[in-house]
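The exercises below are meant to be worked through with the sequence and the 3D view open side by side. Each task is followed by a solution that proceeds step by step.

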Protein chains: 2
Amino acid sequence: MSVVSAGNWSALVEDDLSQMTRSLMSLVGAKHPVLHAAAEHLFNAGGKRIRPALVLLASRATVAGGEPSERHRRLAEITEMIHTASLLHDDVIDTSEVRRGIETVNARFGNRVAMLAGDYLFGLSSVLLARLGSLEVVELLGEVISHFGEGELLQSTIQFDPELTFEQYLDKSFYKTASLMAGTSRAAAVLSGSPAVVCDALYEYGRHLGIAFQVIDDLLDFTGSTAQLGKPAGSDLQDGNLTAPVLYALEEAPHLGVLIERQFDEPGDLEKAMSMVFASRGIERTRELAQQHAREALTNLDALPASPAREALADLVDYILGRLH
Amino acid sequence: MSVVSAGNWSALVEDDLSQMTRSLMSLVGAKHPVLHAAAEHLFNAGGKRIRPALVLLASRATVAGGEPSERHRRLAEITEMIHTASLLHDDVIDTSEVRRGIETVNARFGNRVAMLAGDYLFGLSSVLLARLGSLEVVELLGEVISHFGEGELLQSTIQFDPELTFEQYLDKSFYKTASLMAGTSRAAAVLSGSPAVVCDALYEYGRHLGIAFQVIDDLLDFTGSTAQLGKPAGSDLQDGNLTAPVLYALEEAPHLGVLIERQFDEPGDLEKAMSMVFASRGIERTRELAQQHAREALTNLDALPASPAREALADLVDYILGRLH
């Protein structure tokens, strides 16, 4: 896998993102020393900020004049807050100790602070959302938040279940990853006062981009190195989290289902299961699935007027696909 | 302490509350078997439902005709959802195993489910809030949610700190308890289209009622029996959670501060500290503090037109104070 640069997609919003980080620090950190420390830890932790960048690009692609309004900038901040809150809670649930190469908030400040900081961010995002003045946007982002919970709950009930359908897998991917990209992209267009056809197209763009993103993440869990992933390859399978490569492999190798059902409890089970996935067309078909959603994302951009921001949104698709190589 | 009956305050909204429970079950439980089980466990768990009752009474006291609208009923459901979400998270944070005499969701279904169900309820409540069609109400309830996190964070930084000021103690009580009662009472009046003076009065009524409620809770932690409290008396003090009786006692017995600062780590420290609180005027002054806030709550009701619901709101204050005896 070659190292992929951040690419052109981010150049247009680099200044916007720096401004956002400063604004988030003063919004979140102002009230409380623990939150200040957690915020510093979180919002300076690098990460590619794909989600707020997407909001800012969708804003630039739809607003008259191409310059995001103050409300668009707030929406990007709220998006990063909601995403951060969900990561805080995910890391508590999964007892993760490292994210993006640094200690998690739960590892550094304890579960209590991580959980409360997440709740605080959800609440603050509601307050700021209301101030944007659009009930449609409030509802869109409320759906995103409830989808996080639904996705994690769905995941917990389908662990180690070889009867998992492809539809359930895609639902889970939507809830956990794509819903936020879809809902916030649409919200940017709503704030721009865009016609319905543009709002719908940006929702579909975000949804397909998000699913492609998640599918590629699931693929990398098989093909990436420990150094790239920050965890050993095959972690998802070991946890009983069945993803696209496994679901495809199950079609060719029904015995894989037996190993999954017994939760790999006999020696060599996990290794055998990994070999079955690699021996199948699962990896190849998963790559095709990601490419198909990437194409669908690009097609939806046709509904937008030509602009540098629309080009950047297309580049973002390429960047996401670039992780495949 | 005599057993206090639910009193007249609840008669007016009994049917409303039964209807609410059915509605919550179908709203929350419809999508997911785990949520269904958790919802059944939560929303049928008894409890006096003071918070949604307060919303329904504030609705009846302000709406023309005295009959809550569908939007008022939704607001009561949202209030119960937000309160329940905060309890779910509190029980995870405090590793509580029993609430209202039954197993907590974290004890029965695990921390993961409890946390996610809380997040899901926060998200769902945002969606439902948006559909009420009032940005003012969205903002009011967003503030309530962010206050929960702030209150808990504030509490965690002032543990075992005898320098805690009375103002900080009241702030914490507002964030953790009174903000919800204040914000949702006001929201009911906003949905009724009440004049500002009525909206403000209901906010102040809810705020003073909530502070009285929390102060009495803090007092009962000293004067209640294990059977009443579901935990040994003095638990707050032992946890370093300094409340009104202790803050008053500290004025008379500065040595109490030494015991607190060393976190009761010498044998007999906690017993000595309890005696100091009981020997001081702390218990009596705390009772007076609760009564003072109760009086303030009642005074604010004068801004409302006379109605059976206004009478019930006054009875609710008496009911809360009744816990003192």
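**Exercise 1. The nonpolar core**

Task: Find which residues touch the most other members of the largest nonpolar core in this predicted model, and list the contacts of Y205(A) beyond its neighbours in sequence.

Solution: Begin with the core as a whole, which holds 232 residues, and in which Y205(A) and Y205(B) touch the most other members. Next, set aside the residues within four places of Y205(A) in sequence; the contacts that remain are L54(A), A297(A), N300(A), L301(A), L313(A), L316(A) and V317(A). As background, in soluble globular proteins nonpolar side chains tend to be buried together.

**Exercise 2. A serine in a helix**

Task: Decide whether S125(A) is buried or exposed, and identify the backbone oxygen that lies 2.7 Å from a polar atom of its side chain.

Solution: First place the residue, since S125(A) belongs to helix α6 of chain A, which covers residues 111–132. Its relative accessibility is 0%, and because buried means under 20%, S125(A) counts as buried. The backbone oxygen in question is that of F122(A). Finally, once neighbours within four places in sequence are left aside, S125(A) is in contact with I78(A), M81(A) and I82(A).

**Exercise 3. The surroundings of F43(B)**

Task: Describe where F43(B) sits and which residues it touches, not counting those up to four places away in sequence.

Solution: F43(B) is found in helix α2 of chain B, and with a relative accessible area of 1% it is buried. Its listed contacts are T21(B), L24(B), M25(B), V28(B), R49(B), E80(B) and T84(B). Two of the residues it touches, R49(B) and E80(B), form a salt bridge with each other, their closest N and O atoms being 3.9 Å apart. E80(B) lies in helix α4 of chain B and R49(B) in the loop between α2 and α3, so this pair ties together parts that are 31 residues apart in sequence. Both E80(B) and R49(B) are buried.

**Exercise 4. Salt bridges of D16(B)**

Task: Work out which parts of chain B are tied together by the salt bridge between D16(B) and R60(B), and then do likewise for R73(B) and D16(B).

Solution: In the pair D16(B) and R60(B), the closest N and O atoms are 3.0 Å apart. D16(B) lies in helix α1 (residues 14–29) and R60(B) in helix α3 (residues 50–62), so the bridge ties together parts 44 residues apart in sequence. Turning to burial, D16(B) has a relative accessible area of 6% and is buried, while R60(B), at 13%, also counts as buried.

R73(B) likewise forms a salt bridge with D16(B), the closest N and O atoms being 3.0 Å apart. Since R73(B) lies in helix α4 and D16(B) in helix α1, this pair ties together parts that are 57 residues apart in sequence. The wider network of salt bridges links D16(B), R60(B), E67(B), E70(B), R73(B), R74(B) and E77(B).

**Exercise 5. The interface**

Task: Characterise the side of chain B that touches chain A by its residue classes and by the helix that supplies the largest share.

Solution: Start with the extent of the interface, where 38 residues of chain B are in contact with 38 residues of chain A, and about 3,600 Å² is buried between the chains, 72% of it on carbon and sulfur atoms. The two chains share four salt bridges, one of which joins the side chains of E152(A) and R112(B) at 3.1 Å, N to O. On the chain B side, α2, α4, α6 and α7 each supply at least two residues, and the largest share, 14 residues, comes from α7(B). By class, the residues on this side divide into 18 nonpolar, eleven polar and nine charged.

Key: Residues numbered from 1 in each chain as written. Chains lettered and ligands numbered in written order. Predicted model: local features only at pLDDT ≥ 70, side-chain atom pairs only at ≥ 80, totals over all residues. Heavy atoms only, no water. Contact = heavy atoms within 4.5 Å. Buried area = accessible area lost by both parts, 1.4 Å probe. Helix = DSSP H or I, 4+ residues; strand = E, 2+ residues; numbered from the N terminus. Nonpolar A, V, L, I, M, F, W, Y, C, P; charged D, E, K, R; others polar. Core = buried A, V, L, I, M, F, W, Y, C linked by side-chain atoms within 4.5 Å. Buried < 20%, exposed > 50% of the residue type's maximum accessible area, 1.4 Å probe, protein only. Polar contact = N/O pair within 3.5 Å; in protein donor to acceptor, adjacent residues only side chain to side chain.
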